[in-house]
Amino acid sequence: MSNIRVAQRSHGVGHWAVMLLALVIGALGVVLIGGGVWLITLEGSWYYAIAGAGLLITAILLARRQMAALYVYLLVWIGTLGWAYWEVGFDWWAQVPRVVAPTVLLIFVLLATPALGNRYRATVHEVPA
Amino acid sequence: MTRHPKLSLFVSALALTLAAPAVAQDTAPPAATTEPSAPTTTDPATPASPAETSPPASSESSVPDASSAGDSAASETPTAPETATPADAAATDTAETPTTPADTPEADATAEDATPSAETAEEAPADTATETAPPSAGQTTVAPEGEAMPTAETAPTGTGDSAAAETPQSMARNAAPQPEVGTDWPFYGGDAHALRYSPLDQITRDNVGQLERAFVYRTGDMPSEAAAGKYAPETTPLKVGDALLMCSAMNILISIDAATGEENWRYDPQVSDDAIPYSASCRGVSIYTDPDAAADAPCATRVIEATLDARLVAVDTATGEVCADFGENGEVDLWDGIGERVPGWYAVTAPPAIVRGIVVTGAQVKDGQAEDAPSGVVRGYDAVTGELAWAWDLGAPEANKDGPPEGETYTRGTPNMWTAATGDEELGYVYLPMGNSSVDYYGSNRSEQENEYSTSLVAIDVTTGDPVWTFQTVHRDVWDYDLGSQVSLIDFPADDGPVPAIVLPSKQGDIYILNRETGESLFPVGSIEAPTVGSVEPDYLSGEQPVSEYHTLRKADLTERDMWGFTPIDQMVCRILFKQANYAGFFTPPSTDRPWIQFPGYNGGSDWGSVAIDPERGVIIANYNNIPNHNRLLTREQADERGLRPINEQSPGESGGSNAEGAGDPQAGSPYAIDVNAGWRAPGTGVPCTRPPYGGIRAIDLKTGETLWDTPLGTARRNGPFGIPSYLPFKIGTPNNGGSVVTAGGLVFIAAATDNLFRAIDIETGETVWEDLLPAGGQANPMAYEVDGRQYILIAPGGHHFMETPIGDYVIAYALPQN
């Protein structure tokens, strides 16, 4: 029974919120990978394809409710900050498209962390059952 | 370059002695001999003569640089006898100044030059007086008289006479003292030199915080349904006596009380909505005082405006009554000789320049319609009678000088002058900032004359209507880089003394300082290699283009990392577009295989708002745009698919308005139409593809061309994705349209940006020290004046359809609280 309880808990509001977040981040990731690869073929920046891949991995991990989602996303976010500084320094207006949206996503990923790892625990519980 | 001092002295003395008999008796010839200071000239004027735009002008051959020499020198020579009092001629002859026939016109040019300087010296404060006085540039023949006259003290009468002898058949009058800026604001650009500077200093950085609205007047001229989305009044009133004189967007002439805003009179010339070309604009009006009329005679002083439906209209400044003696019942029809009347194709939006009694006007020929478009002819009319004095049709300068033969037109499709010209009463010149040919983005079928004059500053002698010199800022312009700014006349503070000069800002952001008499640049003109990537007409393009080494407002070429957006996704889309487009930097030519990026775009750099100059501090204030356009030539088939038709094939009033200029222009008669994405906004979001700032304002040291400060102009409060205002109070630097006024109180007043704020900036620091939220877009040049010892700052916020600011009919005056 315990695993059923876990399942019920995991399909509450938190679950759907995390799934929605995973969906959004996954969609962004796919768009960035698509556009980013196109940009690479035009001899443009590699950032978007790489960041897109990071987002896609984050989304998959989120969907699996693994805490690793947070770590991967943190990596993307820190990498983004570094790249953004390298590109335009402290030009704050130029930083807007580079940093604002990724930081908003970071906040959502952080908000999702309490809901992460449940599945892992559920799995642990399931084994003895 | 140097002239022999003794010889020079001798020549001036001789000139004067000879002149004396021809001149009023009180012209004391001895004065001339006491004129030891004269022969100092070492002619600093063309210290560094431009690399390529003008030939290594030996000062002797002075006049027109090679580009214009052929035609102007030749055509001018005949004027010499007219102008020349015998003295002049003698002077020139003896003057050793060997050289070319070009000397002769030059000689008379400065004889004229001397006149006003002497006159103004009498009554004008140092400012103007010094202007013409110093021996000027590169002149050979010229200098003797130029120097002699002012020292002759008595000149006014003397020169008056000699000048009278000047032009038996010219309609031009003698140089007259020009009204001064201060209490009044008698010219669109402030004073006759268009400095946009007011010597008033009651309002300072310390008290500007108390500034309040003294009155708000509304003209009542708001768009009808048919004119919705086509208004951009851009109006700057004049202030003369107790009244403000202005025109509304649809050319209604209005006089209001300058202290109270109460209406004195209005005159509506009844311009129809379908006459609106791209925008309903009337930037200003001009006044003229008839020197032969009694002060209280009707129309002794008259307001003259040029209308959207291409009429010159003259009314009495005091009453608004039509000046019956002007043209036909107060009007002159500018369609005369232009060809088929297609409303909106040929329209005037700028105030005419009035020089020596000649009203000079060009017109806006709506861009991009067809090769077979109205002529860009510039015409001069007698300010009293409205009679045609001359026409400068660059395609047929001699044949059409007095108008085209019956049944014919002025040369069609030639470059036009849509912005404000500047008159030079002293030299008798008018400086025309020329635009490009009617088909802006394709040039292979342009005539040689079009190539010679497009996007050039051209000096025309108003006494003859002939070009004197020309200075080209873009060779073979296929970018719509029209010269849009009104030029300003200054005494350039050269090391060897002031040189009468011109400040010429361009849409590419370059600022040139030119010698007024010769058109030569006082600073080196650089040359850059121009790219040909993707061009549909590489053989037509000029392989090199000029750049100013004095100053440029232009920023570095774009790179991928300059792409912008609100999120990484729209930024990425813009990067893809950037990489897909043809772009090899400044002057990347038009292409059709893929879009090309034009940076700076056609909004500037500097556009019609022009620059303001503080002659006391020696500072130029320039606001500018910093935005690219994303363009593509369309093949004829693509154009047909999109239904692009020239204005003469559309129903009246159908075109114009909301679209960006060039966003789908047919360019009929050329192989390609044009599609412009002005300001290059991202598809969908409407967010600009390049990073801010999109506009700025800068202070430049007049003497050195160095930047003193530079700051973004405009906040983000009204901008945001999908057109949603962000209300962010941060400075972002928005696109801007309109200029500034500088006051002796040390303040720069400017709106122009799309945030609807009218602000005062400390000229020393660039810091904004006061601002007021306007009820409509501030896309107009502000001005300053005084009534009963109280200083007013005024702006007419009318909005601008393309700048997407609210349209209004306001005129708002600000002043410090009384007591």
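These notebook entries record what I looked up on disulfides, one serine and one chain contact in a predicted model.

**Entry 1. Conventions.** I worked from a predicted model, in which local features need pLDDT of at least 70 and side-chain atom pairs count only at pLDDT 80 or more, while totals for chains, interfaces and linings use all residues. Residues are numbered from 1 along each chain as its sequence is written, chains are lettered from A and ligands numbered from 1 in the order in which they are written, and side-chain values use heavy atoms, with hydrogens and water left out.

**Entry 2. Disulfide search.** I searched the whole structure for disulfides (pairs of cysteine sulfur atoms within 2.5 Å) and found 3 over all chains. Counting bonded cysteines along chain B, I noted the pattern 1-2, 3-4, 5-6.

**Entry 3. B:Cys247 and B:Cys282.** I found these two cysteines joined by a disulfide, with 2.1 Å from S to S. The pair links distant parts of the chain, 35 residues apart: B:Cys247 lies in strand β4 (residues 243-247) of chain B, and B:Cys282 in the loop between β6 (263-267) and β7 (286-289). Helices (H or I, at least four residues) and strands (E, at least two) are DSSP runs, numbered from the N terminus. The torsion about the S-S bond is about -100 degrees, so I entered the disulfide of B:Cys247 and B:Cys282 as left-handed. Both B:Cys247 and B:Cys282 are buried, where buried means under 20% relative accessible area, exposed over 50%, and partly exposed in between (1.4 Å probe, protein chains only).

**Entry 4. B:Cys299 and B:Cys323.** Here I recorded a disulfide with an S to S distance of 2.0 Å. It bridges distant parts of the chain, 24 residues apart, from B:Cys299 in the loop between β7 and β8 (301-306) to B:Cys323 in the loop between β9 (311-316) and β10 (331-333). The link of B:Cys299 and B:Cys323 is left-handed, with -95 degrees about the S-S bond. I listed B:Cys299 and B:Cys323 as buried.

**Entry 5. B:Cys574 and B:Cys689.** I found a disulfide between these cysteines, at 2.0 Å from S to S. It connects distant parts of the chain, 115 residues apart: B:Cys574 is in helix α11 (residues 568-580), and B:Cys689 is in the loop between β32 (672-678) and β33 (695-701). The S-S torsion of B:Cys574 and B:Cys689 is about -75 degrees, so this disulfide is left-handed. B:Cys574 is buried, at 0% relative accessible area, and B:Cys689 counts as buried at 0% relative accessibility.

**Entry 6. B:Ser255.** I located B:Ser255 in strand β5 (residues 253-257) of chain B. At 1% relative accessibility, B:Ser255 counts as buried. Leaving out residues up to four places away in sequence, I found that B:Ser255 touches residues including B:Leu244, B:Glu263 and B:Trp265; contact means heavy atoms within 4.5 Å.

**Entry 7. Chain B against chain A.** I counted 22 residues from chain B and 24 residues from chain A in the contact. The area buried between them (the accessible area, 1.4 Å probe, that two parts lose on being put together, summed over both) is about 2,000 Å², with carbon and sulfur atoms giving 66%. In chain B, B:Arg561, B:Pro568 and B:Met572 lose the most area to chain A, together 29% of what that side buries.

**Entry 8. Salt bridges.** I found 2 salt bridges between chain B and chain A, each a side-chain nitrogen of Lys or Arg within 4 Å of a carboxyl oxygen of Asp or Glu. A:Glu87 forms a salt bridge with B:Arg575, their closest N and O atoms being 2.5 Å apart.
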